[in-house]
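User: Please take a close look at whatever pocket turns up in this model. After that, carry on outward to the parts around it.

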Amino acid sequence: MKKWNYWLLPICWMGIIFYSSSQPYQDQNIKPLLSNFVDLDFLIPVLDGIVFTYHHSEISIKSLGVYGFIEFFIRKGAHMVVFFVLLLCFYTALKKTSDFQVIKRVIISLFLTVAYAGIDELHQGFTQNRTPYAGDVVMDTSGALLAISLIYLVCLVKNKKAPEKDVKF
């Protein structure tokens with residue numbers, strides 16, 4: 001495989017993110033799916049006291065119902081997972097196509113991931129029933145930082161020493 005083909009990983013993944021961000025909110029609604037297959041009513045007494053505001057909206061069982069409340073966390077978790085994967089795609093492409101040390105690959109991957117998270121939020125501003133929100137970029141960045149933690153752990157295990165000595169992390 002030509003080494004530049006590794007850049008197809010992040011490019012394709014960004015395409016998937018772009019496609020997902022192009023869909024109106026109602027097309028991504030998973031509440032009907034959840035309610036058809038899982039009875040979540042047992043969570044109501046456990047989660048009823050959790051109330052907070054996210055992007056000018058109250059997030060609670062009372063305001064969203066149990067399925068909407070769970071969907072909120074699934075959607076925010078998806079933000080983290082999607083950008084976790086994007087950072088790993090960028091990191092892999094850089095690893096296979098450059099001679100950069102680990103720390104430089106991590107920094108470039110983080111920059112590219114956060115930049116794309118910002119671009120993705122701007123793109124959502126042009127999508128019907130979607131709004132851009134900086135809080136989602138923070139969520140995306142959290143996923144990217146978790147990916148960096150995984151890279152660091154892999155370096156530790158791989159080297160069985162402090163990565164600063166051999167890998168210059």
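Analyst: The pocket comes after a bit of background, and its surroundings follow.

This is a predicted model, where local features need pLDDT of at least 70 and side-chain atom pairs count only at pLDDT 80 or more, while totals for chains, interfaces and linings use all residues. Numbering starts from 1 along each chain as its sequence is written, and side-chain values use heavy atoms, with hydrogens and water left out.

For orientation, the protein has 7 helices and 2 strands, taken as DSSP runs numbered from the N terminus (helices are H or I with at least four residues, strands are E with at least two). Their order along the sequence is α-α-α-β-β-α-α-α-α. The C-alpha atoms fill a box of roughly 55 × 35 × 30 Å along the principal axes. Out of 169 residues, 36% count as buried; that label means under 20% relative accessible area, with exposed being over 50% and partly exposed in between (1.4 Å probe, protein chains only).

Now the pocket. Rolling a probe the size of a water molecule over the atoms shows where empty space is left. Here the search runs on a 1 Å grid over the protein atoms alone: a pocket is an open set of points with protein on both sides within 12 Å along at least five of seven lines, as opposed to a cavity, where a 1.4 Å probe fits but cannot get out, and lining residues have an atom within 4 Å of a point. Points are joined across faces, edges and corners, and the volume is the space filled by probe spheres set on them. By that recipe, the largest pocket comes to about 850 Å³. It is lined by 31 residues, and those closest to its centre are Tyr 25, Arg 75, Lys 76, His 79 and Arg 130. Helix 1 (8-21), strand 2, helix 4 and helix 5 (102-124) each put at least two residues into the lining. Helix 4 gives the most, with 11 residues.

So what sits on helix 4 itself? Thr 97 is in this helix, which spans residues 61-97. Its side chain has a polar atom 2.5 Å from the backbone oxygen of Ala 93. That fits the polar contact rule: N or O atoms within 3.5 Å, where within protein one must be able to donate a hydrogen and the other to accept it, and sequence-adjacent residues count only if both atoms are side-chain atoms. Thr 97 counts as buried because its relative accessibility is 9%. Leaving out residues up to four places away in sequence, Thr 97 touches Lys 3, Trp 4, Tyr 6 and Trp 7, with contact meaning heavy atoms within 4.5 Å. Across the protein, 65% of contacts with a separation of 6 or more join residues 24 or more positions apart.

Strand 2, another contributor to the lining, covers residues 57-60 and pairs with strand 1 (residues 51-54) in the antiparallel sense over 4 bridges; pairing takes at least two DSSP bridges. Val 51 is bridged to Ser 60, and Phe 52 stands opposite Ile 59. The hairpin has 2 residues between its strands, and His 55 takes a positive phi near 50° there. Most residues other than glycine have a negative phi, and most peptide bonds are trans. His 56, in the loop between strand 1 and strand 2, also has a positive phi, near 65°. His 56 counts as exposed, at 76% relative accessibility.

On the helix 5 side, the loop leading to helix 6 (134-159) holds Asn 129, with a positive phi of about 60° although it is not a glycine. Thr 127 lies in that loop too. It is buried at 9% relative accessible area, and beyond residues up to four places away it touches Ser 21, Ser 22, Gln 23 and Pro 24.

One last check, for cysteines: the whole structure has 0 disulfides, the cut-off being sulfur atoms within 2.5 Å. Cys 89 goes unbonded because the closest cysteine sulfur, in Cys 12, is 9.0 Å away. Cys 155 is in no disulfide either, with the sulfur of Cys 89 its nearest at 17 Å. Cys 89 is buried at 12%, and Cys 155 is buried at 8%.
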